[in-house]
Amino acid sequence: MTSLNHKVLFSIIFTFFVLFSSGLISEENMTLKALAQSVETYRGQEIEMLLRLRNHSEHFKTITFYDKNNHDIVFDISDRRKDKVIKSNLRTMHEGSIYRVIFTVEGIDSKGKIQGRIRSFTMELLERLP
């Protein structure tokens, strides 16, 4: 291998090391279906994905996001009063808007849907403002 190939390989390994050591994996191009198919790889990891807000239900205490292939992921937010970040975001939500969602993958249910615990979600548009 040339020294350039060694540098590229080292850069890739270092990037994965940093991502896994920090516990946060950014998967902006990954779909929820692909995540569900390889859930064992990501179990216990924090994942960051760009998802659109489908809806928020006060009655069921859930928030639903969907990916570019229209697959849903539903999070339980019944304990949102304990988490100030989620509570503040609930006031300014807009259905259809893109959010950067950070969640911990817990597993998959019998229907093949991802089970996870939401950590935070922020409107992607607001992140681009100076």
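A residue is taken here as buried when its relative accessible area is under 20%. By this cut-off Tyr99, at 2% relative accessibility, counts as buried. The model discussed here is a predicted one, and Tyr99 offers a convenient way into its interior, to which the later paragraphs return.

Overall, the protein chain contains 5 helices and 6 strands, arranged along the sequence in the pattern α-β-α-α-β-β-β-α-β-β-α. Of its 130 residues, 35% count as buried. Among the contacts with a separation of 6 or more, 51% come from residues 24 or more positions apart. The exposed area of the protein chain is about 8,600 Å², and carbon and sulfur atoms supply 55% of that area.

Strand 3 (residues 62–66) makes a good starting point for the sheet, as 5 of its 5 residues are buried. Thr62, Thr64 and Tyr66 point one way from this strand, while Ile63 and Phe65 point the other way. On one side in sequence, strand 3 forms a hairpin with strand 2, with 4 residues between the two; Lys61, in the turn, has a positive phi of about 60°. These two strands run antiparallel and are joined by 5 bridges, with Thr64 as the bridge partner of Asn55.

A second hairpin links strand 3 to strand 4, this time with 5 residues in between, and Asn70 in its turn has a positive phi of about 70°. Here too the strands run antiparallel, and 5 bridges join them. Ile63 stands opposite Phe75, and Phe65 stands opposite Ile73. Both of these partners in strand 4 belong to the covered face of that strand (residues 72–76), whereas Asp72, Val74 and Asp76 make up its uncovered face. Back in strand 3, Tyr66 has a charged companion: Arg54 lies over the face of its ring, at 4.1 Å from the ring centre.

The aromatic residues add another layer to this picture. A search of the whole structure finds 5 aromatic pairs. One of them is formed by Phe65 and Tyr99, which meet edge-to-face at 5.9 Å centre to centre, with 65° between the planes. Phe65 lies in strand 3 and Tyr99 in strand 5 (residues 98–108), so this pair ties together parts that are 34 residues apart in sequence. Phe65 is buried, with a relative accessible area of 0%. The two residues also belong to one aromatic cluster, together with Phe75, Phe103 and Phe121.

Nonpolar side chains tend to be buried together in soluble globular proteins. In this model, the largest nonpolar core has 26 residues, and those with the most contacts inside it are Ile63, Phe65, Val101, Phe103, Ile118 and Phe121. Several elements give two or more residues to this core, among them helix 2 (32–37), helix 3 (39–42), helix 4 (84–90), strand 2 (46–57) and strand 6 (114–123). Strands 3, 4 and 5 are also on that list.

Ile118 gives a closer view of how the core is put together. Leaving aside neighbours within four places in sequence, Ile118 is in contact with Ile63, Phe65, Phe75, Ile77, Ile86, Val101, Ile102 and Phe103. Several threads come together among these partners: Ile63 and Phe65 share one side of strand 3, Phe75 sits on the covered face of strand 4, and Phe103 is part of the aromatic cluster that includes Tyr99.

Notes. Residues numbered from 1 in each chain as written. Predicted model: local features only at pLDDT ≥ 70, side-chain atom pairs only at ≥ 80, totals over all residues. Heavy atoms only, no water. Buried < 20%, exposed > 50% of the residue type's maximum accessible area, 1.4 Å probe, protein only. Pairing = 2+ DSSP bridges. Phe/Tyr/Trp six-rings, centres within 6.5 Å; stacked < 30°, edge-to-face > 60°. Lys NZ or Arg CZ within 6 Å of the ring centre and 35° of its normal. Core = buried A, V, L, I, M, F, W, Y, C linked by side-chain atoms within 4.5 Å. Contact = heavy atoms within 4.5 Å. Areas by Shrake-Rupley, 256 points an atom, 1.4 Å probe, with all protein chains shown as cover.
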